[in-house]
Structure formats: structure tokens, C-alpha cells
Number of protein chains: 2
Amino acid sequence: MAEMKALQRLEEIDREIVLVSHISGVLEWDQEAVPPMGTEERSRQQGWLERKLHDLVASDEMGMILATLGADDSHVDGAPSLDDRSKALVRLRYASWNRERKLEADFVQKFAETTGKAHHLWANARKADDFSLYQPILSEIVTLVREKAQRYGYVESPYDPLLDRFEPGTTTKDVSEVFGVMKADLQALIDELKGRPLADDSFLYLKYPEDKQALFGKEVLTAMGFDFNRGTTGISTHPFTTSIGSDDIRLTTRYTEPSITSPLFGTIHEGGHALYELGASNTVTRGTSLAGGTSLAMHESQSRLWENILGRSRPFWNRFFPRLKELFPVQLEGVDIDRFLAAINRVEPSFIRMDADEVTYGLHIILRFELECALLAGSLEVKDLPQAWNDAMVRLLGVRPKSAREGVLQDVHWSMGELGYFPTYALGNLYGAQINQTMRSQIDVDALLESGRLVEITHWLDANIYRHGSIYRPKQLLENVTGKPLDPRWFSKYLSAKYL
Amino acid sequence: MAEMKALQRLEEIDREIVLVSHISGVLEWDQEAVPPMGTEERSRQQGWLERKLHDLVASDEMGMILATLGADDSHVDGAPSLDDRSKALVRLRYASWNRERKLEADFVQKFAETTGKAHHLWANARKADDFSLYQPILSEIVTLVREKAQRYGYVESPYDPLLDRFEPGTTTKDVSEVFGVMKADLQALIDELKGRPLADDSFLYLKYPEDKQALFGKEVLTAMGFDFNRGTTGISTHPFTTSIGSDDIRLTTRYTEPSITSPLFGTIHEGGHALYELGASNTVTRGTSLAGGTSLAMHESQSRLWENILGRSRPFWNRFFPRLKELFPVQLEGVDIDRFLAAINRVEPSFIRMDADEVTYGLHIILRFELECALLAGSLEVKDLPQAWNDAMVRLLGVRPKSAREGVLQDVHWSMGELGYFPTYALGNLYGAQINQTMRSQIDVDALLESGRLVEITHWLDANIYRHGSIYRPKQLLENVTGKPLDPRWFSKYLSAKYL
């Protein structure tokens, strides 16, 4: 009876936590509309919300509820008698409670305020191509992140507790091993491709009017099954997807004229995230912490599956290329589907992660993983970051950025204090390739793409991934769906089959 | 010493109240982006924020602080020893405390949730031109507003406590008397104008491309002194101005193609509100409740001064008409400034308050005032509102709306539960005319308009009105500036001089 009551109250508090997170999401969505002088106060607003969240997540009452439900460090799911949904709720709340108890409210607020200010400074530095405008706040952030890792505690690496927030159950050592395999495979593949002539992709970098790009983007999203009654789209400097409500899932596109690739594949990518969020918010989960992807890597597996494995495939474009030509007859004059596919799948080491092809992409992530580990360990200082970045680019990809904008200033993540986040992007590729392999053994994906029945792919993903929300851990979900643990070779096999 | 400490804590809580209101303002700003299925949850989010506000505004601690500072029903400004700024803070917080103590948290939340849901229903009903889609929720709202008036308490009219929220110190009887004078004056003027031929204004209702309208709007706002480092502009169904931060003041424009008048004068109108908000948030007041207009009518006096008295004057257009013609050469072909001025100052009884000329406008307000009083008194039911509306239109303005969209569905206010609000629009005209008369005795307004030095007008208004924020009560501020109490005849004199 005490258990029933505790469970009820846990759900009640969890729903309030989600509600406050959604409010914070509205402020995040609005971030780019804030006028220059308003940014500092906006950080204070986010800081206030963070504080309310902290109070809910880490309260003594929460501790008592979790204890009543049998949760402790050796039973993070709570009592064995609980059903799967309740176990998941206990697991998520216990992890947050445990983590937040280690941070004081003042620290949380300081962190939120600092990162809130940093966004604008980062955007300005990027615009001015001047790292020195960003360096002071980034140093503050790295110091705070180090402090955070100390407060969380760790056995092997200060990077462990940061990574665990985004990819529960995965350690720095796991990532190093998996990335070791991936690095070797990618570099071997890049070597093999080196002799080949580069496909002409100049027609992708013409002026494509934004309104028609937006129209095409919406058509593709609609075909994918994005429900505009439950979500909407916007424009931002760095594309993202956010849940502002159980039925208010939003994604943004970054327009980077003259070019169509980044907006187009960015939209499909965010569409993949958005479909996961829409599916994860259902009658079982809605309004609770369970109504979201089970981890960042699993989330990224879904966006990258749509963006690359499906969205850059011939069957996909057999369906959509005629429409694209119809909208952009001048830009695509004389371009047939073969030239188009060669262009959108061109492999070439380059500077910008967001625009990197699916082969070289993983090396961009390895670079960030290495630098983050060094920053945390204290073996690299923020002031030396631009140099370290450029050196690593040469070592991993064989190219040296000509400017900070092309290098160390390109990503928003560090301004948000999110060290430990980047590895999930590459893990996502690995999960996605493995899920893709299973999906293709069950449904005829290519035929569905060719005939425009993309929603049937969405339905398969929904039944196998989306609808489970955060009920299962990422590793367990991957095994449930594919029948085997993570194997980085599936991704290499997918790439080899496609490119060799 | 206890007083010092109480004052410090009062300011601290007040700043938190303002911060939470700003967060709520972000959600309001975002309202029109919410997808259809997300609106209900958005109301819950606003309800949560309202509840936090209520807890801050009406806490026992607040009661003790106010008592320590000497505030009670016969000393609403607190102890006589306090300085003006502290007195104003005590007055504002005491009024809110007193009012909110009379509402229970559950009632506040229910009110917020109901009105939150109503926005969307109103917008849909308006779109579908079908009052029945709006009637059920509006009935709920009227019942809640009646309950609110009961809870606040009143001596003469249930309308009194509602009005007092928006125009402190003004009673229903005051409004009736002032409106009595205004009604007679306006109807007399309209009678006199009746024989005259109507100016041709057809060229105002051509297709004016939105992007060029936005450009012109920004040029005018910039000339007026609107600071885009401290604010921004947007688009919405119903134009409004909101403070989302001390340095984040936003105004919206409603585009109503084919037409330029409503977007253009709507922008100047909201620009007037925004200048007041910008000026009211200064080193003395920023981040506190004092950083805003002292009342809705005073606010409206500033928007209408800019929109009508300045914005529809010949000197204003001597400055701006050449640029308007440059942007819209086709639409304004063959139109000279005389024809343009005649068109934008055309007086004709019409259906839509927002598009009404400055002469007939007051009668639209009298109509709403009468209907609101009747709804509250219970002598009119919501179901009979469309009929009552149309009958009043015939009685006051001599025209009968052909649809609900042209009639009872045109305004957003009731969906927000804001009965008692409308009278402030007309009071604003009266304040504005009186302030205008004083301003012209001190600076050469027409010369400043002609030469584009609009910011000098803004500086005068800032020094006399804006910068005082809410430190003085509206009646006192009006007397400080103009040297006399409110006299509705100044408005009639202004109109007669302009139109006869």
C-alpha cells in the first residue's frame, strides 16, 4: 500500500519535472529571437527553471519515495515486484536524484547561468571568426564541468560520469575500444577511396530559394509521417529538435545559402529525432520522463538512419528526385539521379562536422572525444584548443582548417556545457547500422522508399524503437530489436557495401 | 532596521515575481506556434507558472513584509517615511497581495487553464465565423470572472474590482460619466461629418507585399527610437507588445492582406507601447514591477498618441510619405499626400474596432463596456451575446455586422478573461489628447515630425511619462505632466480642430 502511494507520488512529481522541462524548452526554442541585450536575463530565467527542476529532482521527499520503492545503488530499478514501466520510472528518477544530490542548487544555477550566457558569446565569436571572444566563457565552462565530474565522482576517468548522463551504462573505456575499431575501419575505407575521382557536387552549392527548400522539407517530413498537428518546424543557427509538450515536438532547419545539402539532410536528420519523440510520447508514457528517447546514441541512431542510410539511398531519391527537379529546374538542369546520388554521397575529408559525409564523420567525433578527454584530464588548456584542434584535424583527416569558424568554433555543444555528448553521435551511427540490418531482414525497405510508403518504415521503427520511449535501457533495447549486442562492424559493412 | 530588511526582501521577491512573469511572457509570445494538439498542455504550463506567481505574490511572508513596512487598507503606500520608489513598490505589492489573497490557488490555476484553452477555441471560431464554437468556453470564463469579482468584493458594481486591476483608482461610475460626455461629443461630431463625401481609400486596400511593409515598419520604429538591441518584432493574429525581459521588449504586427492600414498603424501603435516599456525599464526600475507602464489607460495613451495624433498627422507624412511611395510605387501611383491623408483619416462607422477611425473608435469601446457590465450583472447571457452585440452596433454606430467574425468574435480579450480591460482603450485616447496638448506647449512637435527628429518627441515622453514607470499612480502622473486632472473635452477639442 505504501508502495502504491509512493509510486503515485513519484509519477506526480515526475510529471511536474517534465512540465518544467517543457517550459524550459520553450525558452530554448525562443533563444535566437532574444535581442542582444536580453541574453543575460534570459540565462537568469533558465537558471530559475533549472533551480525549480533541481528542487523537484533532488528533494528529500524524492529520496524517501525512491527508498520506499526499494531503490538503492545495487537496485537502481527498485523492487523486483514492480512492472517494467514503474521500474523504468524508478531507474530514471533514481539516476537523476543520485546525480543531482551531488550538486548543490547554487552550483546548478551557476552552471545554467554561465552556459546561458555562453550561447550568445559563442554565436558572436563564430560570426566574427574570433576564438578569443569565446575563450573566457569556455574556460569558465570547462572549470565548471570538471567540478561537476568531481562532484559526481568516478573510478577511472572524469569523463565517465559525463558520458553516463548521455549514454547510461557506457564507459570511456567502452568508447575508446569501439572508436578504435571504427577509426581503423574508416581510415582503411578512406584510403581505398582515395584514388577515385571526386564526384562533381557544385550544383548543390547554388542559390536554392529558402521558401522552396522549406516546402520540399515539409513534403519529405510529411511523407516520413511527421504529424504537424503535434509539432512544428522553425529556423535556427544550429538545427535541433525539442519537446515543448507531449504534443508539441519541434525541429529546426539551418539555411546555409548557397547550398541545399545542409538544410535538406539536416531536416531529414531532425525529422528522425522528431519521429522518435512523437512515437515515444504515447498513451503509456505521455507527460512522464519515459516519453523520450532512451539515450542520445539511440536517438542519434534514428536521425542518422533517416538522414544517411535511408535519405542518401537510391530508392529514396527514385521517389523524391523528380519532385526536387520540379522545384529547382534551373539549379538541377542537366543533373540526372546518378550525378545527384554521387554528389550527395561524395566522400572527402573536410572541416565542418555537420557537413561531413557519413564516412569521414566518425573521425570528427573521435577528434572531439580526444580533446574533451584531454580538457577534462587537464592535459589541454582552453587557450591551446584552436591549435590542438587543427593539429588533430591534420592527424585524423589530413586537412588543416584555415579559420576558427571552420575549426574549433563550429559546434554549439561546449557552450551548453555538454562535454561527453559528442561520442553519442558516432555511437548512433553504429546502433543505426545494426538496426537497419535487422529491419531489412523483416520488411522490404527499398520497395517502401521507392513507392513513397515511408510511413511503413516509420511504423516498423515505432513498433520496435520509438514507442518504448525510455522504458528499456539503450543496450537492452538494441538487443531486444537486433537479437545481439553492439557490434561496430555492421557500420563498416554497410559503408563498404555502399562505397566499394 | 527591520524596515530596511523588509524592504530588501520585498525587492527580492518582487524581482522573482517579475522574472516568472517574463517566463510566462515567453510562453505567450510563442502561443501561435503551438500545434493544435499542443494547446491544452500549454495551458497547463501557464497554469503552473500562474501558481508559482500566486505563491510569491500572496505568501504569508509577503503579508508580514508589507505589515512591517506599514501597509494596510488605509495606508496602501506603507509608512510615510518611505521614499517614492519604495512607496510605489509597497503599493503595487500590497494591491496584488490583497487581491490574490482573495483567490485560492486552485481558482487561479483553473482560471489560467480555462483562458489558456480559450485562445485556440476563439481563434478557430473566428476562422470558421461560428460563435457556437466559442460560446461554451466563453460561458465558463464569464462564470469564472463573476466569481472573481465576488471574491475580490465590491460596494457598487461587480465591474469595479475588475476595472481597478487595470486602471487603479477609476470606478465604473467614473467611466460611465466620462463615457457619457465622450459619447455625446463623438455622436455630435459624427453627425456633423455625415453630409461630407467619403474620401476614397481604395488604394489602401491593394496588395502590399509583406516584406516591404515589414521594412517600412522597421524604418518607422527606428525613427521613433525603438532600440532593436533591446527588443524585436514578430507577427501574430492579434498585435500585442510584451516584456519578456528588462531588455527584451517585443511587439507584433498583424498582416491583413490586402491592406496596408491595419499593419502600418498597428505597428506604430504597438511601437508606442514598446517605447513606454523600454523607457520604463531603466536603472531605477529594471527587473522590478516598477519597470512597466503605470496603468493600461496610460499605456494606451502612449500607443494612441503615436498611432493617431502623431502617426496620422500631415507633418508625420510630410516626412514619411516619399519613402512609402518609393516602396510601393504601383499601389500609390497618382496618390498625393492630400489624398493619402484624407484616406487614412477617413471617418466612417464600421464593424471592426481595430480598424476603426479615431472618431468612431470610442463608440466601439462604449459598446463593449455596456455588454461587459450586463454580462457581469447577469442581465445578459453569453448565448445572447451575438444578438446584443449587433443591436448595440446599430444603436451606437448605425451599422449591423453581417457575421460573427465582423462582430462578437473580433476581439481576443474575453478569451483571456480580461473583462474590465476595454474601457482603458478609450481612456487612453482621453489621456493622450491631454498630454499632447501639454507637450505641444513645450516642444514644436510638428517641426520635429517634419524633420524626422521623432526621437526628440520620444525623449520628451520619456522624461515626462516613460521613465517614471509605475512609480506614480496614473491620475497623479497625468496631473504631474499636464497640471490638471482628466478632462475628456481635450480629446473632443483635438478631434474638432482636426476634422471640422
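Two residues count as in contact here if their C-beta atoms, placed from the backbone, lie within 7 Å. The model is a predicted one, with local features taken only at pLDDT of at least 70, side-chain atom pairs only at pLDDT 80 or more, and totals for chains, interfaces and linings from all residues. Residues are numbered from 1 along each chain as its sequence is written, with chains lettered from A in the order in which they are written.

Start with helix α14(A), residues 361-377; helices (H or I, at least four residues) and strands (E, at least two) are DSSP runs numbered from the N terminus. At 1.5 Å times one less than its number of residues, this 17-residue helix should span 24 Å, and the 25 Å between its end C-alpha atoms agrees with that. Most of α14(A) is covered, with 12 of its 17 residues buried (20 or more other C-beta atoms within 10 Å of a residue's own, C-beta atoms being placed from the backbone). Among the buried ones are His364(A), Arg368(A) and Glu372(A). The cover over the buried residues includes α6, α7, α8, α15 and α16 of chain A. Just past the helix, Gly378(A) takes a positive phi of about 90 degrees.

As for the two chains, a turn of 180 degrees and a shift of 0.1 Å along the axis lay chain B on chain A with an RMSD of 0.0 Å, by least squares on the C-alpha atoms of residues with pLDDT of at least 70 in both. That is the relation of a two-fold axis. Their contact takes 27 residues from chain B and 27 residues from chain A. On the chain B side, α1(B) gives the most, with seven residues. Since 100% of the interface residues of chain B are also interface residues in chain A, the copies meet through the same surface.
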